[in-house]
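Biologist: I would like to learn how to read a model like this one, feature by feature. Could you take me through it?

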Amino acid sequence: MPPFMEPFRIKSVEPIPFPTAGERRDALVAAGWNLFRVPAGAITIDLLTDSGTAAMSAAQWSALMRGDESYAGARSFDRFESVVRDLTGYPEVLPVHQGRAAERIVLGLLLRPGDISVSNTHFDSTRASVEAAGAQAVDLPVPIARGEPAPFGGDIDLDRLRDLLRRSADRVRCVVLTITNNAGGGQPVSVRNVKATRQLCDEHGVLLYLDASRFAENAYLVTEREEGYQGRTPREVARVVFDLADGCWASLKKDGMANIGGLIALRDAGLARRAREQLIAFEGFPTYGGLAGRDLEALAQGLLEVIEPDYLRYRAECARWFGEQLGLAGLPVLQPTGCHAVYVDAGEMLSHIPPHELPATAFGNALYLAGGVRVTELGTLVFGRRDPDGGPDVPAPRELVRFTLPRRVYTLSHLEYVVDVAETVSSKAGRLTGYRIVEQAGALRQFTAVLRPAA
Ligand code: F0G
């Protein structure tokens, strides 16, 4: 028996598709062997992302009807602003349509060509905004020894940060802490790490911002793992972290518990004024920022629900249990698990497939063929680089696959089904073969690439 149950009951349901093995194979062939190109109607369990995929609560659905769709000064904005201020303590609140809009606005205003933005890890859209500003994105994740579980694997490496600030403080404009660190296995950043980062930033006159897309999950994991914060509420811990930064942005498609939305929240009124000018030019009037009034209502309610301890405990327990089960099914699971996903080392599992033949893709495609399960590949297709001389791709550091958990969407029996499918694939791992890239775009090739089986 799993040690928890879902802290909700289901009021509205949606049928899931059960394509046959033949239909799955046809769909994958038609998609150029790329799961991003497979229509959702051909997917049985979709663990591609936790972004924009949450199930809303009855309270959120009813809040939609309260949505004030006034162009300027909508009441729905007031509600959203008040919830965000209460949570973060930041006085300046700007809604945007999703996380990358917030990144483009804030980083576009902060950074000048030649500047450096340092992070525990910039998410790929964050990196794109840094580079679009002509600046350089430097990732300094804390080193994690293989096989050694690190409770705060999301931390920034303070030694390397100190070093970089000493050498090039005049070029470093900001430090961005991504909480939790999505690219780094969904691991939390400790309060101790945020405090030490703040101190280094103060010593060198550098700004500290948070990518707070999974702020509630980060806060919950701190209450579980960090000395001095056990017994504190996730809301209290989240506030301690917000208090240490100059501001934040977030994709509210994650911990906003809704299907669209983002925010910018700042202390600096001057920066907020300039951000509002950008908002008006590219997103919408500052009281709706590219969203409908009803979206703001759903988000205001979602931000209250996401920080509830019962919900967060279930979320963390669910990922832990799912990770354990996948481990028992023979998959090398990265430990400890965080909240939003379970990461599996496909490189270790399929060591007979070289990186340029995309072992993580091979594993993901095998899961789809075996049972209609869709996961994200985070290996050489995503993070590898083309060899300029036409040789095999420069491999990604690791060949990971992410089993991402949409919020409140799948029950334990759905996840048990995924474990069964994973076990079938794991039992024939030695016989899986790789893929070659036939067509690819210059950037973000994973979304559109066409592949073919290597064998
Ligand atoms: N920051 C983080 C940490 C993210 O994980 C994402 C999106 C973004 C920013 C961008 O936000 O999608 O609203 O524009 N992550 C999704 C994922 C896509 O699947 O991990 P967005």
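**Salt bridges, domains and backbone**

Modeller: A search of the whole structure, which is a predicted model, finds 31 salt bridges.

Biologist: What is the general idea behind a salt bridge, and which residue pairs with R374?

Modeller: Side chains of opposite charge can pair when their charged atoms come close. Here the side chains of R374 and D46 meet in a salt bridge, with 2.8 Å from N to O. This pair links distant parts of the chain, since R374 belongs to strand β10 (residues 373-374) and D46 to strand β1 (residues 45-46), 328 residues apart. R374 counts as buried because its relative accessibility is 6%, a value under the 20% limit for that class, whereas D46, with a relative accessible area of 21%, is partly exposed.

Biologist: Which elements hold R320 and E224, and how far apart in sequence are the parts that they tie together?

Modeller: The side chains of R320 and E224 meet in a salt bridge at 3.0 Å, N to O. R320 lies in helix α12 and E224 in helix α8 (residues 215-225), so the pair ties together parts that are 96 residues apart in sequence. Both ends are partly exposed, R320 with a relative accessible area of 28% and E224 at 27% relative accessibility.

Biologist: Is D157, which forms a salt bridge with R160, buried or exposed?

Modeller: D157 is buried, with a relative accessible area of 9%, while R160 counts as partly exposed at 39% relative accessibility. The closest N and O atoms of D157 and R160 are 3.1 Å apart.

Biologist: Where does the domain assignment place the two domains along the chain, and how many salt bridges are counted between them?

Modeller: A domain may be assembled from separate stretches of sequence, as in this chain, where domain 1 takes 21-50 + 308-453 and domain 2 takes 58-305. To the contact, domain 1 gives 23 residues and domain 2 gives 25 residues. The centres of domain 1 and domain 2, taken over C-alpha atoms, are separated by 27 Å. About 2,000 Å² is buried between the two domains, and carbon and sulfur atoms give 51% of that area. Six salt bridges are counted between domain 1 and domain 2.

Biologist: Which residues are linked with R407 in a network of salt bridges?

Modeller: The network links R407 with D50, R214, E217, D255 and R315. Within the model, the side chains of R407 and E217 meet in a salt bridge at 3.1 Å, N to O.

Biologist: Turning to the backbone, which residues are joined by a cis peptide bond?

Modeller: To read this feature, one looks at the omega angle of the bond. A cis peptide bond joins I179 and T180, where omega is about -15 degrees, and T180 is placed in the loop between β5 (172-178) and α7 (191-204). Another cis peptide bond joins Q335 and P336, with omega of about -5 degrees, and P336 lies in the loop between α12 (309-328) and β9 (341-345).

Biologist: What is the phi of L358, and is L358 buried or exposed?

Modeller: Phi of L358 is near 55 degrees, a positive value in a residue other than glycine. L358 sits in the loop between α13 (346-349) and α14 (359-371), and at 0% relative accessibility it counts as buried. R408, also not a glycine, has a positive phi of about 65 degrees; R408 lies in the loop between β12 (400-404) and α16 (412-427) and is buried, with a relative accessible area of 14%.

How values were computed. Residues are numbered from 1 along each chain as its sequence is written. This is a predicted model: local features need pLDDT of at least 70, side-chain atom pairs count only at pLDDT 80 or more; totals for chains, interfaces and linings use all residues. Side-chain values use heavy atoms; hydrogens and water are left out. Domain bounds come from an automatic or database domain assignment. Contact means heavy atoms within 4.5 Å. Buried area is the accessible area (1.4 Å probe) that two parts lose on being put together, summed over both. A salt bridge is a side-chain nitrogen of Lys or Arg within 4 Å of a carboxyl oxygen of Asp or Glu. Helices (H or I, at least four residues) and strands (E, at least two) are DSSP runs, numbered from the N terminus. Buried means under 20% relative accessible area, exposed over 50%, partly exposed in between (1.4 Å probe, protein chains only).
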